[in-house]
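Me: I'd like to learn how to read the cavities in a protein model. Can you walk me through them?

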Amino acid sequence: MADAGPQALCAREPRVPAERLVAEMVPPPRFDSVRFDTYDPDPTQPSQTEAVTVLSGFAAGLGGAHATGAGKRRWFARTPKNAAPAGPRGVYLDGGYGVGKTHLLASLWHATPAEPALKAFGTFVELTNLVGALGFQQTVQTLGGHRLLCIDEFELDDPGDTVLVSSLLSRLVEQGVALAATSNTLPGKLGEGRFAAADFLREIQGLSAHFRPLRIDGQDYRHRGLPEAPAPFSDEQVTKAAYATPGASLDDFPGLLEHLARVHPSRYGALTDGIAAVCLTDVGPVPDQSTALRLVVLADRLYDREIPVLASGVPFDRLFSDEMLNGGYRKKYFRAISRLTALARDAKPLVSQ
């Protein structure tokens, strides 16, 4: 048995300084060692092999892409303005969840011949959080000297984010920054099913103009040839495992959902600092869409950090209602189910047989 009892995520209220948000704009721990040659393309999906070829060439072309070498983290320095290059200045990886888009995006970051201070990698949510923390102009100054900005999980949730990100990326392209993004939605169709896209058509088209779409077909590799997700355990089994696992957390699921509403999503990564395993009791269907979207962000942060999730209650594929799974955010919810299922498999050895 562990010397101390499990921690509770619900007891944590992390504060994340802006400097940490900037410093953490690198591929997450799960993708530290990925490279193009560690990507395992499905032989029945030629678009996956093509993606590796295209992205390898894109990375090689960025060796001298930026006009200035003074692109280290700069908080108040004035960024030289370069002429915007002709044509798309980025690549946009489109495909279903689990086809390896994040693996490829992180491989691009690693393969780009520039020091880490000249490259940034973050999710769409983390990028908008950075703007919130630094302000628009300071974000442009901080990222404007980079050679590459990688944006994972590029999905627009509201019109305000559409205008914000469109303006930010336009400014960064003007500064000579190359872009790469992943999503489940082609750039010309961002926002469909979530808000009146016609009212923001100009901004959406402006975003699309920055990217060359690259379609990646295939099945979710997390479930390719693997058994079905393990059935949930009992409350007693989860609690016993939490006490027996050093660094584990233990929370009841309804209480955790309430706590997530009090913690900004930009802090969900910090919420899991030092946690070796997340143990949850009484997992049940998520009550509403706002709560569901917060859970999606937490699932992403847990997956990035390879933190196993042991749970009692309902299986993870029953977290979201049919209405949610058929709505505008359905791809986010399916991604969360896929990732939580993978983490549930990782947690299975925590339970004594």
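Reply: Sure! Keep in mind that this is a predicted model. Let's start with the second largest cavity, which holds about 70 Å³ of space.

Me: Which residues line the second largest cavity?

Reply: A lining residue is one with an atom within 4 Å of a cavity point. Here the lining is made up of F253, L256, V278, L280, L295, L298, A299, L302, V309, F316 and L340.

Me: And how do those residues divide by class?

Reply: You sort each one as nonpolar, polar or charged. For this cavity you get 11 nonpolar residues, with no polar and no charged ones.

Me: Which helices and strands supply at least two residues each to that lining?

Reply: Those are α9 (253-260), β7 (277-283) and α11 (289-304). The largest share belongs to α11, with 4 residues.

Me: How many cavities of 30 Å³ or more are there in the structure?

Reply: There are 2. The largest has a volume of about 180 Å³.

Me: What lies nearest the centre of the largest cavity?

Reply: Of its 17 lining residues, L21, E24, E126, S266 and R301 lie nearest the centre.

Me: Which classes turn up in the lining of the largest cavity?

Reply: Sort them the way you did before, and you find 9 nonpolar, 3 polar and 5 charged residues.

Me: Which element gives the largest share there?

Reply: That's α4, with 4 residues. At least two lining residues come from each of α1 (18-23), α4 (124-134) and α10 (268-271).

Key. Residues are numbered from 1 along each chain as its sequence is written. This is a predicted model: local features need pLDDT of at least 70, side-chain atom pairs count only at pLDDT 80 or more; totals for chains, interfaces and linings use all residues. Side-chain values use heavy atoms; hydrogens and water are left out. On a 1 Å grid over the protein atoms alone, a cavity is a set of points where a 1.4 Å probe fits but cannot get out, and a pocket is an open set with protein on both sides within 12 Å along at least five of seven lines; lining residues have an atom within 4 Å of a point. Grid points are joined across faces, edges and corners, and a volume is the space filled by probe spheres set on the points.
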